[in-house]
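This briefing is meant to be read alongside the sequence and the coordinates. It moves from the fold as a whole to single elements and residues.

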Amino acid sequence: MLIARSAALFVVAALFEIGGAWLVWQGVREHKGWAWIGAGVLALGVYGFVATLQPDAAFGRILAAYGGVFVAGSLAWGMVADGYRPDRWDVTGALICLAGMAVIMYAPRGR
């Protein structure tokens, strides 16, 4: 149950962080304006809060593991929001990152 909760929190965090960065990108690079930028900044703040809800208390571990989720999530976001088509190396790299995330977060550790 803890792994399922942790994985769900990583997904929620990714939605807020990647979505927030995308909104800022749209506001600045695509000239959509300050409302988009402001919404992005708020979403990025929510991401920071969601990350604190992880069951593990080690900040470095959480952020390091989240990096793998961010890589895979960014490619998925690009596919959905911008029509990006990852190649086999993008997919391979994302899978390696997710494997690293799983090792960092969920490997058995002595108590």
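The points that follow are grouped by topic. The model is predicted, and the values below are computed from it. The chain contains 4 helices and 0 strands, and from the N terminus on its elements follow the order α-α-α-α. A record in UniProt, an unreviewed entry, adds the feature "transmembrane region" at residues 7-28, 34-51, 58-79 and 91-108.

**Overall dimensions and surface**

- Taken along the principal axes, the box filled by the C-alpha atoms of the chain has dimensions of roughly 50 × 35 × 20 Å.
- The chain has 111 residues, of which 26% count as buried.
- The area exposed by the chain comes to about 7,100 Å², and carbon and sulfur atoms supply 73% of that area.
- Among contacts in the chain with a separation of 6 or more, 66% are accounted for by residues 24 or more positions apart.

**Helix 1**

- Helix 1 covers residues 2-29, which makes 28 residues, and the distance from its first C-alpha to its last is 39 Å, close to the 40 Å expected at 1.5 Å a residue.
- The buried residues of helix 1 are Ser6, Leu9, Phe10, Ala13, Ala14, Glu17, Ile18, Gly19, Gly20, Gln26 and Gly27, and they pack against helix 2 (34-51), helix 3 (59-82) and helix 4 (88-106).
- An α-helix has 3.6 residues a turn, so residues three or four places apart point the same way.
- Gln26, which is found in helix 1, counts as buried because its relative accessibility is 7%, under the 20% cut-off.
- With neighbours within four places in sequence left aside, the contacts of Gln26 are His31, Lys32, Trp36 and Asp82.
- Phe16 also has its place in helix 1, but its relative accessibility is 31%, and Phe16 therefore counts as partly exposed.
- Together with Val12 and Val46, Phe16 makes a nonpolar surface patch of about 190 Å².

**The loop after helix 1**

- His31, which follows helix 1, has its place in the loop between helix 1 and helix 2.
- Although His31 is not a glycine, its phi is positive, at about 60°.
- His31 counts as exposed because its relative accessibility is 71%, over the 50% cut-off, and His31 is also one of the contacts of the buried residue Gln26.

**Helix 2**

- Ala51 lies in helix 2 and counts as buried, since its relative accessibility is 18% and the cut-off is under 20%.
- Ala51 and Val91 are 40 residues apart along the chain, and their C-alpha atoms are separated by 25 Å.

**Helix 3**

- The buried residues of helix 3 are Ile62, Ala65, Tyr66, Gly68, Val69, Ala72, Leu75 and Gly78.
- The cover over these buried residues of helix 3 includes helix 1, helix 2 and helix 4.
- Helix 3 is followed by Gly83, a residue with a positive phi near 70°.

**Salt bridge**

- A search of the whole structure finds 1 salt bridge, and Arg61 forms a salt bridge with Asp56 in which the closest N and O atoms are 2.9 Å apart.
- Arg61 counts as partly exposed because its relative accessibility is 26%, and Asp56 is likewise partly exposed, with a relative accessible area of 23%.

**Annotated spans compared with the model**

- The first of the spans that UniProt lists under "transmembrane region", residues 7-28, is 100% helix and 0% strand in the model, with its end C-alpha atoms 31 Å apart.
- For residues 34-51, which UniProt also lists under this feature, the chain is again 100% helix and 0% strand, and the end C-alpha atoms are 26 Å apart.
- The UniProt entry behind these spans is unreviewed, and such annotations may be inferred rather than shown by experiment.

How values were computed
Residues numbered from 1 in each chain as written. Predicted model: local features only at pLDDT ≥ 70, side-chain atom pairs only at ≥ 80, totals over all residues. Heavy atoms only, no water. Helix = DSSP H or I, 4+ residues; strand = E, 2+ residues; numbered from the N terminus. Expected span 1.5 Å × (residues − 1). Buried < 20%, exposed > 50% of the residue type's maximum accessible area, 1.4 Å probe, protein only. Contact = heavy atoms within 4.5 Å. Patch = residues over 30% accessible without salt bridge, like charges linked within 9 Å, V, L, I, M, F, W, Y side chains within 5 Å. Areas by Shrake-Rupley, 256 points an atom, 1.4 Å probe, with all protein chains shown as cover. Salt bridge = Lys/Arg side-chain N within 4 Å of Asp/Glu carboxyl O.
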